[in-house]
Number of protein chains: 4
Amino acid sequence: MQNIRTDLAVEAHELSRREAKNVTEIDGVISDVRTEDGITVTNIEITNENGSKALGKAIGNYITIESPNLKYSIDIYERVCTLISEEIRKMANIKSDSLTLVVGLGNRDITPDALGTEVVSRLLVTHHIKQNMKDFFDDNISGVCALIPGVLGTTGIETAEIIKAVSEKVKPNLIIAVDAMAAADIRRVSTTVQISDTGIQPGAGVGNNRECLNEETIGAKVIAIGVPTVIDAATISKVEIPKELAPLMVTTKDIDLVIERTAKTVANGINLALHRDMTLRDIESYV
Amino acid sequence: MQNIRTDLAVEAHELSRREAKNVTEIDGVISDVRTEDGITVTNIEITNENGSKALGKAIGNYITIESPNLKYSIDIYERVCTLISEEIRKMANIKSDSLTLVVGLGNRDITPDALGTEVVSRLLVTHHIKQNMKDFFDDNISGVCALIPGVLGTTGIETAEIIKAVSEKVKPNLIIAVDAMAAADIRRVSTTVQISDTGIQPGAGVGNNRECLNEETIGAKVIAIGVPTVIDAATISKVEIPKELAPLMVTTKDIDLVIERTAKTVANGINLALHRDMTLRDIESYV
Amino acid sequence: MQNIRTDLAVEAHELSRREAKNVTEIDGVISDVRTEDGITVTNIEITNENGSKALGKAIGNYITIESPNLKYSIDIYERVCTLISEEIRKMANIKSDSLTLVVGLGNRDITPDALGTEVVSRLLVTHHIKQNMKDFFDDNISGVCALIPGVLGTTGIETAEIIKAVSEKVKPNLIIAVDAMAAADIRRVSTTVQISDTGIQPGAGVGNNRECLNEETIGAKVIAIGVPTVIDAATISKVEIPKELAPLMVTTKDIDLVIERTAKTVANGINLALHRDMTLRDIESYV
Amino acid sequence: MQNIRTDLAVEAHELSRREAKNVTEIDGVISDVRTEDGITVTNIEITNENGSKALGKAIGNYITIESPNLKYSIDIYERVCTLISEEIRKMANIKSDSLTLVVGLGNRDITPDALGTEVVSRLLVTHHIKQNMKDFFDDNISGVCALIPGVLGTTGIETAEIIKAVSEKVKPNLIIAVDAMAAADIRRVSTTVQISDTGIQPGAGVGNNRECLNEETIGAKVIAIGVPTVIDAATISKVEIPKELAPLMVTTKDIDLVIERTAKTVANGINLALHRDMTLRDIESYV
């Protein structure tokens, strides 16, 4: 697994099984795969420290929704939106008086890293309206607020610190953090959505450890949603990449389209989850 | 003054004097104008409640730097950068161990409102580097961090609340807030920079009162810097503008260029003020 | 009509009737209005020189499709797409072996002027595929190519000259030119689509006469489609606007959204007209 | 050389010599390298068919200007601008009554491919002004016009056909075509400018042959300027890349900055070459 970086539990699982050269399951990992009409959903549950160590991921649940046609087919888009909303609702109990803070991570000036900020710009944000006009909304429109904290290099402040500060003020019941990810297999770039309930470490993965934001440290459940948009150059390169150069990434030539389509998919999955009575068509009219 | 909206003290002063039909000064307002080689600098000091009421502005200092060639001439650009840095240093005592939080207000998706966010993207941010490598910097590079809080309509959270939350965490000695402004006179659009020490009310001016962020309420001096990029349609329209329509703004056709040039001017004025030993050329190499 | 500028025949007609202080019709102008479920369609036919002079528009047909909800409602969007496609097909005989050149006029770097270029980026372009894989397509996918010629100020070449040059090479049967427009009434900004068959004069209206591109001068029928996105400041200003300043425009604060939504509407109206067997849903999957 | 793609003659030369396992020169290739203060300039002249075949490049001159600090240092930027202008003037005889057509190739919606269009937006275009105000300019401002033809996938028209059509109308004495390139060595991405006098083949290199635009086929000298911004994934990947996936590219994480800085460098090199009496500072004031 040397030099191979992946943010996907499903790939860490594959690599780990390949390394162990066994076909039976790893202790501490329960996995389940189902495929229907071109969409594959994989549940990976890491149940103990052994599983956590084997996969290099925290204990908890990782749902992967995959389809090669995610960026082209309207049918797939609509079904993936629904799947995302169902998985969010399984992980969190959304009530009409819940307040969810959606955090768009990543750097909006680097196209493949702009997934989180693009998702936030497509949300149906309601918190300020609910506060001022309590009777304006149906019971099934829950409270939603959003934050784009920026990245350490441009703010000078740890992203986790900004999220914590704002979270302490607005006191959400749930935090959903969205970020672009790195995959190891090029077939997963732009075709995959991962949803997990194990918290986030903004800025980690770049070679440094960061504090984890999860229910324990921030007082609200934290769901992380990601789409792989790049592969680390080191993962696929046959030549050594000199450390003094600007970091390289491998991405698809249609990355602008990928970000637009997958951001719409993730955003509307979240919108559907948080506003129970709205249809996809209602949501597309509003945002 | 009915229907005329201006964020510039210099225009409020002109309108107020015109209304009073007097040539002598208003009680509670001290003004001073000097012009040199195509740049006019006006100091307006509001010293008491009478002056504050007459101009509709808080007690304090308002510096206006004006030049019709601000967006074209490199000479003017360089001199205005220096003037901005001098005025900031007069208002705040910047030391090498100071920490300044620069806040980029406004909506980055509306070009004439993107001044604040564009300024932040041109800053020499140092806080995270100073924290990790204390000996890396010269004595005259002060600590700088930055925040783009977004706008109420897209975050669902009062902008002032986000700024306060982050400010309480990072505890800056100084806050500099940058925002686009509305002028009353079309000659001032894109030709003027205003610097004031009276705090900010993010989101006010759209017809609602908001809490003021100033030294009293946030525990750090707050300098506001703005450039007028629009005129309210109501200010110049001879027809009534129906309330049910989307809000109208009057702006220049070259607003993209205006934002780019004035953001660079304001950002480098701030960079010069906060990093005392750097030249404009040094700064342009880094950012 | 002094100082009032409008690109809409429907407004020129209103102004002309108001000036003439009559309620009966102007000689040389036939008009017809029908409204259905929130959409108003006005046909103005200018039949002779008198009508042309009265309205300041060339002899021919001008269709205006208006709805205050054009930028919000998906229902209105879908119906306006269909109306646009029907009007295009009435004006031009599109066959499966037709070649249409769609020209996106305007300056993509000025948001309210970017309609034409945004429409072109949403087209289902087929010319190159049809040339190389003649059997790939259904009979009802016609040939479509597209051009973004730029504006005189950035190319140094008259836009009409670029269009003519390319048109002489690719020899289209039909040219559809899309451009942002100026309205006189703020209620029409972003709510109106005009379709006409009288040709285009790229760069005219800025105070200079330009050669008209029409069937006579370019050898192909020319349909012009526009959406008003601005009002000339001179049209509504109560103060004289000094000539030495950068030109001012009045636009809506949500102009980014307006351009995105109306470009999608016009593009898909064109796509439906040119690819007879495709549904709106098919088209949205492909582009 | 299997699977290795490079647009740089200097790399083709290196690979060819490595393959030939010799240290002496290849017949038909004359090379010359000089380094001064951090900038390396390599001249490669291909003089006969043998050299052309060995390097896979047309007969002619290829100048490579390299500096690891191209994107950071203002000093390097200024010196590279001057070097580019000198090389252009060596290749073409620019007189005050010359007309140069600068063509910005590539797809502006894919960041690493946007070099050409970004260069065009930074040019001092003069053709339309010279035509209308013959006495306005100094003798040493030559005629400049510009074209962004788009890419085959979005126009449906061969790029070469658009360039030829416009060139036949405006009849330039010189064409300068600017495009992003692929390198084989990651050290050359964003650090290198190549200038050649052998013409261009827009759209070639994607695996298809295209007609070459050069003095013979278009009647004007054609200078090509490029900066490598990507590496083909196939060049460095240790795994086979499936053909059915979206094409992958390897680029740097700071590609937005790279494009901005290198586009400014190439544009101002061109501006200096075409407007002999202007300084870099003059040019930066105007564009």
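**How the chains meet**

The crossing of helices H7(A) and H7(B) is right-handed, and that is a good place to start looking around this predicted model. Each of the two helices spans residues 159-170, one in chain A and the other in chain B.

Two packed helices are described by the angle between their axes and the distance between the axes. Here the axes come within 9 Å and cross at roughly 125°. Angles of 65 to 115 degrees count as roughly perpendicular and those over 145 as roughly antiparallel, so H7(A) and H7(B) are oblique to each other.

Which residues of H7(A) meet H7(B)? They are Glu161(A), Ile162(A), Lys164(A), Ala165(A), Val166(A), Glu168(A), Lys169(A) and Val170(A). Across from them, H7(B) brings Glu161(B), Ile162(B), Lys164(B), Ala165(B), Val166(B), Glu168(B), Lys169(B) and Val170(B). Sorted by class, this helix contact holds 8 nonpolar and 8 charged residues, with no polar ones.

Now let us turn to chains A and D. Their contact draws 26 residues from chain A and 25 residues from chain D. The size of an interface is often given as the accessible area lost when the parts come together. Between chain A and chain D, about 2500 Å² is buried, and carbon and sulfur atoms give 65% of that area. On the chain A side, Ile186(A), Met249(A) and Lys253(A) lose the most area to chain D, together 26% of what that side buries.

Finally, how do chains B and C relate? A turn of 180° with a shift of 0.0 Å along the axis lays chain C on chain B with an RMSD of 0.0 Å. The two copies are thus related as by a two-fold rotation axis. The same surface serves both: 96% of the contact residues of chain C recur in chain B.

Technical notes: Residues are numbered from 1 along each chain as its sequence is written. Chains are lettered from A and ligands numbered from 1 in the order in which they are written. This is a predicted model: local features need pLDDT of at least 70, side-chain atom pairs count only at pLDDT 80 or more; totals for chains, interfaces and linings use all residues. Side-chain values use heavy atoms; hydrogens and water are left out. Copies are superposed by least squares on the C-alpha atoms of residues with pLDDT of at least 70 in both. Contact means heavy atoms within 4.5 Å. Axes are lines fitted to C-alpha atoms, for helices over the stretch in contact, and angles run from 0 to 180 degrees between N-to-C directions. Helices (H or I, at least four residues) and strands (E, at least two) are DSSP runs, numbered from the N terminus. Angles under 35 degrees count as roughly parallel, over 145 as roughly antiparallel, 65 to 115 as roughly perpendicular and the rest as oblique. A crossing is left-handed if the near helix is turned anticlockwise from the far one by less than a right angle, and right-handed if clockwise. Ala, Val, Leu, Ile, Met, Phe, Trp, Tyr, Cys and Pro count as nonpolar, Asp, Glu, Lys and Arg as charged, and the others, Gly among them, as polar. Buried area is the accessible area (1.4 Å probe) that two parts lose on being put together, summed over both.
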